[in-house]
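Subject: Structure for you to look at

Hello,

Here is the structure I promised. Please open it first, then read my notes beside it.

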Amino acid sequence: MPVTAMREDRGFIEINAQECKGCGLCVEACVQKVLHLSPHLNHYGYHPAEYDGRGCNGCGVCFYACPEPGAIRVFKAVA
Amino acid sequence: MPEMKQTHGKAQCFYDTYERKGELTHQTHYCPGCGHGISMKLLAEAIDELGIRDRVILVSPVGCSVFLYYYFDVGNVQVAHGRAPAVATGLKRARPDSIVISYQGDGDLAAIGSSEILHAANRGELITCLFANNAIYGMTGGQMAPTTLLGRKTTTTPFGRDKIKDGYPLHVSEVLSSLEAPVFVERVALGSTKQILAAKRAIRKAVETQVKGLGFSLVEILSPCPTIWKQDPVEAQKFVRETMAEVYPVSNKCDRTATAEPHPAPAPAPDLDELPRILKLPAAAPAGTAPRALREDLDCRIKIAGFGGQGVLLLGQLLAEAGMDDGLEVSWLPSYGPEMRSGTSNCHVRLASKPVDSPLVTKSSVLIALNEPSLDKFLEEVEPGGLVLYNGDEIPEDARRQDVTMRALPFFEIADEVGTAKAGNIVVLGALLEALPLLPAEIVDRAMARVVKGEKWLEIDRKAMERGRQAMNAVVSAVVSAVVSAVVSKEAHCHA
Ligand SMILES: Cc1ncc(C[n+]2csc(CCOP(=O)(O)OP(=O)(O)O)c2C)c(N)n1
Ligand code: SF4
Ligand code: SF4
Ligand code: SF4
């Protein structure tokens, strides 16, 4: 389903906070450095990753860094 | 405002939620930062991209990746430690249209399962193996694996892996690619984004190699195990990239995909019905004619013992062969052991209506003792109510039991009368079957005709058999009812 995001960005991501284990590999891998670990704990006691909210280019690198099947969804601008 | 579309997300061949314990239905069981999760995702993408989900059978190992079946909505089999390539071989041969993918850790594949992977690769099985090398036993808490780096401390190498004492890190991909059969072998790593994307391509190519029917493929994946390595996930990833990859060069080891011809799966095993023809066996015998009680609940455990040359083993073999012809479940276990050196010999035979659990007879319902030492040795293990046949004129006084039926007959002397003492074992057979109608005479005769070589011998044996029956008949006519209870399964007793 097409979604609309902030003006300048070429992409954005969604993180499922309950699936995330706070390993930080996505934070490390993100080229744009737009991810961080939340100071809050999720239901399982991990600090889940969070998107800063801007600056993502939709490259998908964080998705491949992440060991969880569905913790990250990446969206990218069409054309 | 540009329009956005999802480009990456959970692969379709994963379940939406996982049937794990309690509430943990939307997380994997791996530790944070574990490489198994990433490998699993790469495999899932390959399956989705190739559109083969309905054909995939995934073989999970023993190790931290044991639970693949919780996650992958494909055919799943979980197998004993190290055996994945052997089971995968069977699955692929039985179902040539399926895509069989095994997944193993380095303890599983390179230690206990080293022979399975070596031979599957050497046979060029049409399977795809993913080999997650984290250089340690993860699941069991960090013992040395064959792949552990030199100097690494593990619970079993507390001073570090020592090449003199513990050998060198095993380079599985290099070993396998030295074989002639494998079509695609590559080592990849999960140490950086670049490495992960290369791993994705290699895994897809390995699976494709099977889809195209080209032959054996394997991808070794250098994989972080932050928990056991006692590193945080980012450090562990760096260790893969900088230290492991130094010892285990990340590169393609063998790629014959361009030249390999699709080769047909090995011919399937012949139909069971075909076996008698192939093995030149006579057609199936008619159903047995033993008394009903014996046929339905039979569990006859026979021990035959004597000295070498008395035909102990052949006697057992005849019973088992005839039992098989009669549609019974049978086993025949000749005992070879140090005792053979002193010239004694024994065998264990089971004839039963239900599948035989063990060929070993430790409590016998029938003991055939062809000499005194054998009687002394095995009399004690005969079950109360059982039958003992002893080769002699009478049972020695110090070897008598009141709770079993004991009969003495000079079997070998009787055999002498038909021409040769060598047929003594067949006299025993005749006597036994007269005392206990375990098997129909015509079926025993047919088995004998097959097992005994030479017309002349067969003729002698037929006479010996008849004499055995007569001799037993003269001694006792109603042994049967006395011992039937000993050869009927215990279960049947309970039901009765
Ligand atoms: C026959 C048998 N022997 C030993 C074990 C104990 N065991 C369970 S997992 C394992 C090692 C697993 O190590 P590896 O294959 O490297 O997988 P990892 O857990 O690191 O992913 C062992 C020895 C077992 N389950 N079965
Ligand atoms: S898609 Fe790329 S830019 Fe966006 S968060 Fe992931 S890694 Fe960073
Ligand atoms: S890589 Fe995945 S599990 Fe790890 S912090 Fe990022 S979203 Fe969470
Ligand atoms: S112990 Fe190691 S291999 Fe096992 S789940 Fe944890 S990180 Fe993964």
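**Where the chains meet**

Between chain A and chain B there are 14 residue pairs in polar contact, with both partners at pLDDT 80 or more. Keep in mind that this is a predicted model. No salt bridge helps here: the rule finds 0 across the interface of chain A and chain B.

Which elements of chain A give two or more residues to the side that touches chain B? They are β1 (3–4), β2 (11–15), α1 (25–29), α2 (61–65) and β5 (72–77) of chain A. The largest share comes from β5(A), with 6 residues. By class, this side of chain A has 24 nonpolar, 8 polar and 9 charged residues.

Now the overall contact. Chain A brings 41 residues to it, and chain B brings 35 residues. Together the two chains bury about 3,400 Å², and 61% of that lies on carbon and sulfur atoms. Three residues to find in your viewer are A:Tyr44, A:Tyr64 and A:Pro69. They supply 22% of the area that chain A buries against chain B, more than any other three residues.

β5(A) also pairs with a strand of the other chain. It is joined by 4 bridges to β1 (residues 3–8) of chain B, and the two run antiparallel. Look for A:Phe75, whose bridge partner in β1(B) is B:Gln6.

**Two sheets in chain B**

Start with the sheet of 7 strands. It is open, its pairing is mixed, and its order is β3-β2-β4-β5-β7-β6-β8 in chain B. Why do β3 (75–78) and β8 (252–255) of chain B each have one side without a neighbour in the sheet? They stand at the edges and have a single partner strand each, so one side is left without a neighbour. From one strand to the next, the twist averages 20°.

Inside this sheet, follow β2 (residues 56–60) and β4 (residues 99–105) of chain B. They pair in the parallel sense over 4 bridges. One pair to check is B:Ile57 with its bridge partner B:Val100 in β4(B). Helix α1 (residues 35–50) of chain B packs on the sheet. The helix touches β2, β4, β5 (128–133) and β7 (217–222) of chain B. Its direction makes about 170° with that of β4(B).

Next, the sheet of 6 strands. This one is also open and mixed, in the order β10-β11-β9-β12-β13-β14 of chain B. β10 (329–335) and β14 (405–409) are its edge strands, and each pairs on one side only. Neighbouring strands are turned by 15° against each other on average, direction ignored.

β9 (residues 299–307) and β11 (residues 344–352) of chain B pair in the antiparallel sense over 9 bridges. Here B:Lys303 stands opposite B:His348 in β11(B).

Two helices lie across this sheet's strands. α13 (residues 312–325) of chain B crosses β9, β10, β11 and β12 (364–369), running at about 10° to β11(B). α16 (residues 424–435) of chain B lies across β12, β13 (382–391) and β14, at about 145° to β13(B).

**A helix pair in chain B**

Two packed helices are described by the angle between their axes and the distance between the axes. Take α3 (residues 84–94) and α5 (residues 114–123) of chain B. Their axes come within 8 Å and cross at roughly 35°. From α3(B), the contact uses B:Pro85, B:Ala86, B:Thr89 and B:Arg93. From α5(B), it uses B:Glu116, B:Ile117, B:Ala120 and B:Arg123. By class, that is 4 nonpolar, 1 polar and 3 charged residues.

**Salt bridges and two odd angles**

Side chains of opposite charge can pair when their charged atoms come close. Over all chains, the count is 27 salt bridges. One of them joins A:Lys21 to A:Glu68, with the closest N and O atoms 2.8 Å apart. This pair links distant parts of the chain, 47 residues apart. A:Lys21 is in the loop between β2 and α1 of chain A, and A:Glu68 is in the loop between α2 and β5 of chain A.

Last, two backbone angles. Most residues other than glycine have a negative phi. A:Lys33 has a positive phi of about 55°. It lies in the loop between α1 and β3 (35–37) of chain A. B:Lys230 also has a positive phi, near 55°. Find B:Lys230 in the loop between α9 (226–229) and α10 (233–247) of chain B.

Best wishes

Technical notes:
Residues are numbered from 1 along each chain as its sequence is written. Chains are lettered from A and ligands numbered from 1 in the order in which they are written. This is a predicted model: local features need pLDDT of at least 70, side-chain atom pairs count only at pLDDT 80 or more; totals for chains, interfaces and linings use all residues. Side-chain values use heavy atoms; hydrogens and water are left out. Contact means heavy atoms within 4.5 Å. Buried area is the accessible area (1.4 Å probe) that two parts lose on being put together, summed over both. A salt bridge is a side-chain nitrogen of Lys or Arg within 4 Å of a carboxyl oxygen of Asp or Glu. A polar contact is a pair of N or O atoms within 3.5 Å; within protein, one must be able to donate a hydrogen and the other to accept it, and residues adjacent in sequence count only if both atoms are side-chain atoms. Ala, Val, Leu, Ile, Met, Phe, Trp, Tyr, Cys and Pro count as nonpolar, Asp, Glu, Lys and Arg as charged, and the others, Gly among them, as polar. Two strands pair if DSSP finds at least two bridges between them. Axes are lines fitted to C-alpha atoms, for helices over the stretch in contact, and angles run from 0 to 180 degrees between N-to-C directions.
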